[in-house]
Amino acid sequence: MTRLFGLAIGALVAALNATPAAAALPTPASGVTWDRNQRVEYRWKEGSEPPAWARSAMSAATADSNSSRKSKAAIFSYDSNGRAWLAYTDDLPTNWAIGYTVRSIPDSFTIRMRPHGTQLDWGTLRWCEFYDGEPPNGCYDLEMVTLHEFGHAQTLGHVDEAQIDTYTDSLMHATGLRSKPKAGWNQHVFGRCDVARLQIRYEPLTTSTPISTCLDLATDLSLSPTTSGIAYGTSVTLTAKLKIDASTSYPILAGEPLTGRSVVLQRRALGSTAWATIGEMSAVTDNTGRYVKTMTLTTTYDWRAVFSAPGNEGLDGATSSISRLSVTYGCTPTGIGRGVDPLYETC
Amino acid sequence: MKLPTLARIPVVVLLMSACSLAPLAQPSSSPAAPIATTPTATAAATVTPTVEVTRMSLPAADPPLGLLDAGDDPVEGRLGSYCWEGTCADAAGIPPKSQLPTLAADGGDLEFSLSDGTTFVRWRATYAAGANDEQTTLGEGGEGFDPDARPSPAPELLSSAAFDEPPRDDWIVFVQVFFEGGDLSYAWHVIVR
């Protein structure tokens, strides 16, 4: 029965994940940020070191934060001399909280996690990782809750529970962290709108990092050369440049180059309205958002580059302006053959 | 599905200047107004210890108290998960209704405010029969605040939020508010007669 219930929950989560994600308001955040990719080292608080099973879960949450931030948010790592600290302690200034984070950017942070078995005003705290084998329902996943606290350390706040459909996969819920077997009880990655906020505040990790589907950003695509006379039979490299549109409301993302996407090259004959796809342009791996394709030109065409909105990113599609590459003869005629039809040029 | 109800337009305290919310969103240093923890003597015995422990043990940058008023004296709510001035606390649950601050209502509106006059930009009120039951929206208002977006029309700063009482019965009422520096959530045991 338990297994069937688990399967049902799994199917529900899969269904939610399969639903096309709509753009939404990113997870709230406040305060100043860490420097981009700032490495922040933490230690276990002296006298409040977690037991081995808890230490393992809390360390795993550190790795979860680093791997799922998808941005240049702070990188957390253990160092016995770290200024920040994590504690497994009952020293929390409430009689109800199970996790408690204090940010002191740019220097450090502190995270307190309540010990297993603590009696709080709502009941007894049970961490799932405490149990060997299958943990009981009602327990809280220490790795998930610690990752939630790392979210606070990264400046994330709590989501607006009125928009629960938007924030289904968020780790930053306020009204009761989710216990087993509620959907997401053991989620170990930031949700899409959590990532969106981190990308807005810290910039995506690389120019090829997928932009969160919680966002809906316009893109800008240019193509060069824009117009030119090209000698017949000459090889020409067409270069497209893709970036987040400068008009986006998030300054850190405005103008951000986008590499590793799919940009295709199209052409049409003069006087035609129909575009034909020539092929995919090759992404240049230099983080400039450039895509190239080399063509040998024998006929004059109009050219354009097209970026179709990807289903797995919060980016809109874009089409470049049209470049007309006029093919010309590459020499000056020296004479015209007579008695030959058609006429031809000789150089 | 019950649609959100705005029983009354929340009081707009100030229109933000084009430059910053910060000076207005900060808590004032003025002392909190006298508060009746519970409206009834019977509820006081069970409510007071929980509320007092929470309130007394918070650090220097205490979040403001959340007050719910049915027309008599405002009742201080049980603080839940919050982020306030760089400090975040996370609740895993709330206690039974009998241990929550109790407010007696007799049909009308409820009004939420923060103890020190702290303003907020968005709020939402819900109710449920129990802590783990599905919540129904009583009202919501204001606009979300995005600290990272380019300057846009300033949101209104609200000093209170009014909404319909739940139907006649015994409920938990939740209020979540957002402001530039974070979010706060509170709960009450509300008895509607």
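In this predicted model, strands β13(A) and β14(A) pair in the antiparallel sense, and two bridges hold the pairing. Within that pair, A:Ala283 has A:Tyr291 of β14(A) as its bridge partner.

**The open sheet of chain A**

The pairing just described belongs to an open sheet of four strands in chain A, arranged in the order β8-β10-β14-β13 with antiparallel pairing. Strands β8 and β13 (282-283) of chain A stand at the edges with a single partner strand each, so one side of each has no neighbour in the sheet.

Moving through the sheet from β8, strand β8 (residues 219-224) of chain A is joined by six bridges to strand β10 (residues 234-244) of chain A, and the two run antiparallel. A:Thr219 lies opposite A:Ile244 of β10(A) in this pairing. Strand β10(A) also pairs with strand β14 (residues 290-297) of chain A, again in the antiparallel sense, over eight bridges. Here A:Thr237 has A:Thr294 in β14(A) as its bridge partner.

**Chain A as a whole**

Chain A contains four helices and 19 strands. Of its 347 residues, 50% count as buried. Among the contacts in chain A between residues at least 6 apart in sequence, 66% join residues that are at least 24 apart. The exposed area of chain A is about 15,200 Å², of which carbon and sulfur atoms supply 51%.

**Strand β14 of chain B and its partners**

In chain B, strand β14 comprises residues 182-192 and is mostly covered, with 10 of its 11 residues buried. The table sets out pairings of this strand.

| Strand paired with β14(B) | Residues | Bridges | Direction |
|---|---|---|---|
| β4(B) | residues 78-79 | two bridges | antiparallel |
| β7(B) | residues 102-105 | four bridges | parallel |
| β13(B) | residues 169-179 | 11 bridges | antiparallel |

Individual residue pairs locate these contacts along the strand. On the β4(B) side, which is antiparallel to β14(B), B:Arg78 has B:Ala187 as its bridge partner. Strand β7(B) runs parallel to β14(B), and B:Thr102 is the bridge partner of B:His189 in β14(B). For the pairing with β13(B), which is antiparallel, B:Val177 stands opposite B:Leu184 of β14(B). Strands β13(B) and β14(B) also form a hairpin, with two residues between them.

**The open sheet of chain B**

Chain B also has an open sheet of four strands, in the order β3-β2-β8-β12, with antiparallel pairing. Its edge strands are β3 (75-76) and β12 (160-164) of chain B, each of which pairs on one side only.

Which strand does β8(B) meet over five bridges? Strand β8 (residues 109-114) of chain B pairs in this way with β12(B), in the antiparallel sense. Within this pairing, B:Ser113 stands opposite B:Ser160 of β12(B).

**Summary of the strand arrangement**

The open sheet of chain A has β8 and β13 at its edges, and that of chain B has β3 and β12 in the corresponding places. Strand β14(B) has a parallel partner in β7(B) and antiparallel partners in β4(B) and β13(B).

Note on methods
Residues are numbered from 1 along each chain as its sequence is written. Chains are lettered from A and ligands numbered from 1 in the order in which they are written. This is a predicted model: local features need pLDDT of at least 70, side-chain atom pairs count only at pLDDT 80 or more; totals for chains, interfaces and linings use all residues. Side-chain values use heavy atoms; hydrogens and water are left out. Buried means under 20% relative accessible area, exposed over 50%, partly exposed in between (1.4 Å probe, protein chains only). Two strands pair if DSSP finds at least two bridges between them. Contact means heavy atoms within 4.5 Å. Accessible areas come from the Shrake-Rupley method with a 1.4 Å probe; for residues, only the protein chains shown count as cover.
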